[in-house]
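This briefing is meant for a reader who is meeting the structure for the first time. Please keep the sequence and the 3D view at hand while reading the points that follow.

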Amino acid sequence: MSLRTLAHLYGVQTAYYGINRRRHEATTEALLATLRSLGAPLETLEDVSAALREKRIEPWSRLMEPVIAAWQGESPTIDLRIPATRATGSLRFHIALEDGSSRTGTRRLSSLRSIRKETVDGTTYLCKHLVLPNNLPTGYHDLAVETPSSVARATLIHAPPRAFTPPDQSDTVWGTFAPLYALHTNKSWGAGDFSDMEAFVDWTASLGGKVVSTLPFLAAFLDDPHEPSPYSPASRLFWNELYVDPTRSTEWERCSTAQRHFHSVGFQKDLQMMRTSRTVDYRRLYRRKREVLESLAAHMFRSRSGGIAELEDFVDSRPLLQDYARFRATMEHLKLPWMKWPARAREGHLDPNDYLHKDFRYHLYAQWLAHRQINSMSQKARRAGAGMYLDLPLGVHPFGFDVWRERELFVTEASVGAPPDPVFTSGQDWSFPPVQPEASRKQGHRYFASCIRHQLEKAGLLRIDHVMGLHRMFWIPRGFDFKDGVYVHYPAEELYAILCLESHRHRAIIVGENLGIVPDYVNRAMSRHNIQPMFLMQYSLRPDPARPMKPIPSGSVASLNSHDTPLFSAFWQAMDIEDRLDLGFLDARSAKKEKRERAAQRKSLLAYFKKRGLVPRRLSQRDKLRSIFGACLARLRRSRAGMVLVNVEDLWLETK
């Protein structure tokens, strides 16, 4: 019982409800491992009593919490914890506002309302309310409070209580979705690039679409290590140069070395192979594109031509960029993940001998080009009335820049995943380290806010992958099985405050990916803060001809499928069930059951459409499939959804 009490004090759930509402109790070993990762001073069960005593004292030993979320329109109220014997005299507060101004004040401690009294380890404490001025501007402010016996500092996040909504959006709008790598044309090099995305924006806008959605195009490891997944980025603070179009560089026509690379027999042979391939050859494409980009970078720095002044201003305005370029160059030079670097470099201290200067300059140049081309794409989308809808991954690669630079923030002894669900019946391990909640609070959630701002500089809409992660994440301690993971809670209201504040500053809509098994309190919090929910028709079908799908939430982002699910044609033909059977996610018995359920869902939906004249009664199989696809989109369009996304690959009934 003491172990479970300690777990609750650290925000660790000791049980969760999974598939079929079955309760899963956390094992003693998993709880001990997770608590150690959270900083609990224990090794075995014998240490629990002492750790419990220390944890009970800890919140009362600090005057106030390190982060205060305050909502616009309400007077910011701070909970102060003061020993009863020292609750006399005056306190002084100082608020250093984000704009450089400040507010100060004094209060008699005896005049503050006591809301709680508690005796901890022999000392009686009072919890008192300090009410701050109610005319504070929104922003990130530094709060200092000093009493006769203690002083404390906190980050005060003063935010609108609800995320931004465009004032003129009343009707349902529609847009397109496509992964950028799949948007290649006869001009690109085997995968889509930012120029192709601009063309796609134009095409969508020409048809009346208001949104263009895609997968993350954040920095990635595309050589060694090789991890092309957009959901395991090398950093959530920089872009993926694989999608840069070198021909739009100011140096393209001037650099003879780049031209020789491009027109060489070997390059052209590879280019033809990549352009005609059905799949993306990331290694080959990255190697060839980097050859050219390195030549362009060397030419610019050597000749001081083209946009060198703009590049240097860009670098100067982003101090973190030089750290990133040094990190990537060092990793390429040592050919080792940062955990295996010499101690000095591993701990964040790099010098010019750790990397090749040409690689350092390459990464500066590549990020500048990516920034310019994404900016162009984003501005064109806004002018055309088709906003870019970007996607923030839940985590970052363990070998990545963010984990190296923020070593105190990430828990490398665990990884984030998900317990078994109807699709992944054995659970999932996503292999990236979780953020330590208290470490994030101590830095005022600086890293989280930076990730949000990086996306919203370019996006009109931002999807928060696995929005439940604002509330809790499923930690799998190193060496444990998926099923032995435990949920760790996060300070959700503080993170929502950042989302709401940044969404208003950038006039961007925030969407939360709340698909699958999500607790009701998550959906309630999203509604309270105006975070738009998602709706997937595939997840909502049921075998009832009168009501063949669940209600579509008002204001939601609705679609037939997502990047995580099969395309429409594959789903309708139950191809995904065979795929999951082959991959071992289902056994033969479960697959047979799913096929029966899918057939019943198809039958109900088809009967519903025929009754309303949305699908003709006699059609060939392919025309029938296309007709059903159109009827499904029409059903979404006539709903209360705020936005309908069309997966462009569904338009030709793609199955892969």
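Which residue's side chain meets that of D391 in a salt bridge? The partner is R463, and the nitrogen-to-oxygen distance between the two side chains is 2.9 Å. The model is a predicted one, and the points below take up its salt bridges, one buried residue and two surface patches.

**The pair D391 and R463**

- D391 is part of strand β15, which covers residues 387-392, while R463 belongs to strand β18, which covers residues 461-464, so this salt bridge ties together parts that are 72 residues apart in sequence.
- D391 counts as buried because its relative accessibility is 2%, and buried here means under 20% relative accessible area.
- R463 is likewise buried, with a relative accessible area of 6%.

**Other salt bridges**

- Side chains of opposite charge can pair when their charged atoms come close.
- The count of salt bridges in the model comes to 43.
- One of them joins the side chains of R288 and D270, at 2.9 Å from N to O.
- R288 lies in helix α7 (residues 282-303) and D270 in helix α6 (residues 265-276), so the pair ties together parts that are 18 residues apart in sequence.
- R288 counts as buried at 14% relative accessibility, and D270 is also buried, with a relative accessible area of 8%.
- Another salt bridge is formed by the side chains of R372 and E310, with an N to O distance of 3.1 Å.
- Because R372 is found in helix α11 (residues 357-383) and E310 in helix α8 (residues 308-316), the pair ties together parts that are 62 residues apart in sequence.
- R372 counts as partly exposed at 26% relative accessibility, and E310 is partly exposed as well, with a relative accessible area of 40%.
- Salt bridges also link residues into a network, whose members are K55, E58, R62, E65, R81, E438, R441 and E494.

**A buried residue, A258**

- A258 sits in helix α5, which runs over residues 256-263.
- With a relative accessibility of 0%, A258 counts as buried.
- When residues up to four places away in sequence are left aside, A258 touches V292, S295 and L296.
- A258 and L293 are 35 residues apart in sequence, and their C-alpha atoms are 7.6 Å apart in space.

**Patches on the surface**

- R589, K592, K593 and R596 form a positive patch on the surface.
- Within this patch, K592 has its place in helix α20, which spans residues 588-611.
- K592 counts as exposed because its relative accessibility is 57%, and exposed here means over 50% relative accessible area.
- A nonpolar surface patch is made up of W203, L207, L651 and W652, which together have about 400 Å² of accessible area.
- W652, one of the members of that nonpolar patch, is located in the segment after β24 (643-647).
- At 45% relative accessibility, W652 counts as partly exposed, whereas K592 in the positive patch counts as exposed.

Notes: Residues numbered from 1 in each chain as written. Predicted model: local features only at pLDDT ≥ 70, side-chain atom pairs only at ≥ 80, totals over all residues. Heavy atoms only, no water. Patch = residues over 30% accessible without salt bridge, like charges linked within 9 Å, V, L, I, M, F, W, Y side chains within 5 Å. Areas by Shrake-Rupley, 256 points an atom, 1.4 Å probe, with all protein chains shown as cover. Salt bridge = Lys/Arg side-chain N within 4 Å of Asp/Glu carboxyl O. Lys, Arg positive; Asp, Glu negative; His and termini not counted. Charge placed at Lys NZ, Arg CZ, Asp CG, Glu CD. Helix = DSSP H or I, 4+ residues; strand = E, 2+ residues; numbered from the N terminus. Buried < 20%, exposed > 50% of the residue type's maximum accessible area, 1.4 Å probe, protein only. Contact = heavy atoms within 4.5 Å.
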